[in-house]
Amino acid sequence: MTLFRASTAELRLRVADLDIPCLIGRNGAVAAAEKREGDGCTPRGRWPFRAVLLRPDRIVQPPRLTLPWRWLRPDDGWSDDPHDPAYNRPVRHPHDWSAERLWRDDGLYDVIVVLGHNDAPVVPGAGSAIFLHCLGEGGPTAGCVAIARDHLIDLIAMMEPGDALDIG
């Protein structure tokens, strides 16, 4: 197992000999037990890589990708409503509950690595859609970890089933 480490103090993501700038949640980082939906915090902990989502009109499939993956669709979403039975799960729009749209114009979600935060089991209100995704033009994230798109494309080719992101 390879650990990818994100330092919330230094705003760096490290693996092997790579040392990459990253951004975290706009309100910093909190212990996973303190994470709440919409708090703008990145949960500290070790989160396994679950899957990769790629936007087909902006990304070419990397030649080596061993994690489960699929192409994003324009109607893809991720439930962020703690009352939704599908909370912290992928959904399709239109959706009867609040759900983030994954097909975005700003490029943040051209590549998404789904992290295993609050998914085994899902606890309503303990945070949803914690991803490793592309860095945008703006500042911090809503709770995810973000790095430059080119770096993320390189990293997903290194990721193996069983690997994890250690956020500390």
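Begin by selecting β10 (111-115) and β11 (131-134). In this predicted model, the two strands run antiparallel and are joined by three bridges. To see one of these pairings, display Val114 together with Phe131, its bridge partner in β11.

Keep β11 on the screen and add β12 (145-147). Here the pairing is parallel, again with three bridges, between β11 and β12. Select Cys134 and look across to β12, where Ile147 stands opposite.

**The loop between β10 and β11**

Now follow the chain from β10 into the loop that leads to β11, and select His117, which has its place there. Is His117 buried or exposed? Its relative accessibility is 5%, so His117 counts as buried. Show the residues around it: leaving aside neighbours within four places in sequence, His117 is in contact with Lys35, Pro43, Trp47, Asn88, Ala126, Gly127 and Ile130.

Ile130, the last name in that list, is the next selection. Ile130 also lies in the loop between β10 and β11. With a relative accessible area of 5%, Ile130 is buried, because the limit for that class is under 20%. Which residues does Ile130 contact, apart from those within four places in sequence? They are Lys35, Pro43, Val114, Leu115, His117, Gly143 and Cys144. Draw a distance line from the C-alpha atom of Ile130 to that of Val145: the two residues are 15 apart along the chain, and the line spans 7.9 Å.

**The largest nonpolar core**

Val145 leads into the next stop, since it is among the residues with the most contacts inside the largest nonpolar core. This core has 29 residues, and Val113, Ile156, Met159 and Leu165 are also among those with the most contacts in it. Several elements each supply at least two of its residues, including β1 (3-7), β2 (12-15), α1 (149-158) and β13 (164-167). Which strand gives the largest share? That strand is β5, with four residues. In soluble globular proteins, nonpolar side chains tend to be buried together.

Select Met159 to view the surroundings of one core residue. Beyond four places in sequence, Met159 touches Phe4, Phe49, Arg64, Thr66, Leu67, Val113 and Leu132. Apart from this core lies another, of eleven residues; select Leu72, Trp78, Ile112 and Val114, which are among them.

**Asp110 and Asp154**

Go next to Asp110, in the loop between β9 (99-101) and β10. Asp110 is buried, with a relative accessible area of 4%. Not counting residues up to four places away in sequence, it touches Leu53, Leu54, Arg55, Arg58, Ile59, Cys134 and Arg149. Cys134 is the residue seen earlier opposite Ile147.

Then select Asp154, which is in helix α1. Is this residue buried, partly exposed or exposed? Asp154 is partly exposed, with a relative accessible area of 48%. Draw another line, from the C-alpha atom of Asp154 to that of Val30: they are 124 residues apart in sequence and 28 Å apart in space.

**The largest pocket**

Finish at the largest pocket, which has a volume of about 250 Å³. To find it, select Glu100, Ser128, Ala129, Ala142 and Gly143, the lining residues that lie nearest its centre. How many residues line this pocket? The lining consists of 21 residues. Coloured by class, they divide into six nonpolar, seven polar and eight charged residues.

Notes. Residues are numbered from 1 along each chain as its sequence is written. This is a predicted model: local features need pLDDT of at least 70, side-chain atom pairs count only at pLDDT 80 or more; totals for chains, interfaces and linings use all residues. Side-chain values use heavy atoms; hydrogens and water are left out. A nonpolar core is a set of buried Ala, Val, Leu, Ile, Met, Phe, Trp, Tyr and Cys residues joined through side-chain atoms within 4.5 Å. Buried means under 20% relative accessible area, exposed over 50%, partly exposed in between (1.4 Å probe, protein chains only). Contact means heavy atoms within 4.5 Å. Two strands pair if DSSP finds at least two bridges between them. On a 1 Å grid over the protein atoms alone, a cavity is a set of points where a 1.4 Å probe fits but cannot get out, and a pocket is an open set with protein on both sides within 12 Å along at least five of seven lines; lining residues have an atom within 4 Å of a point. Grid points are joined across faces, edges and corners, and a volume is the space filled by probe spheres set on the points. Ala, Val, Leu, Ile, Met, Phe, Trp, Tyr, Cys and Pro count as nonpolar, Asp, Glu, Lys and Arg as charged, and the others, Gly among them, as polar.
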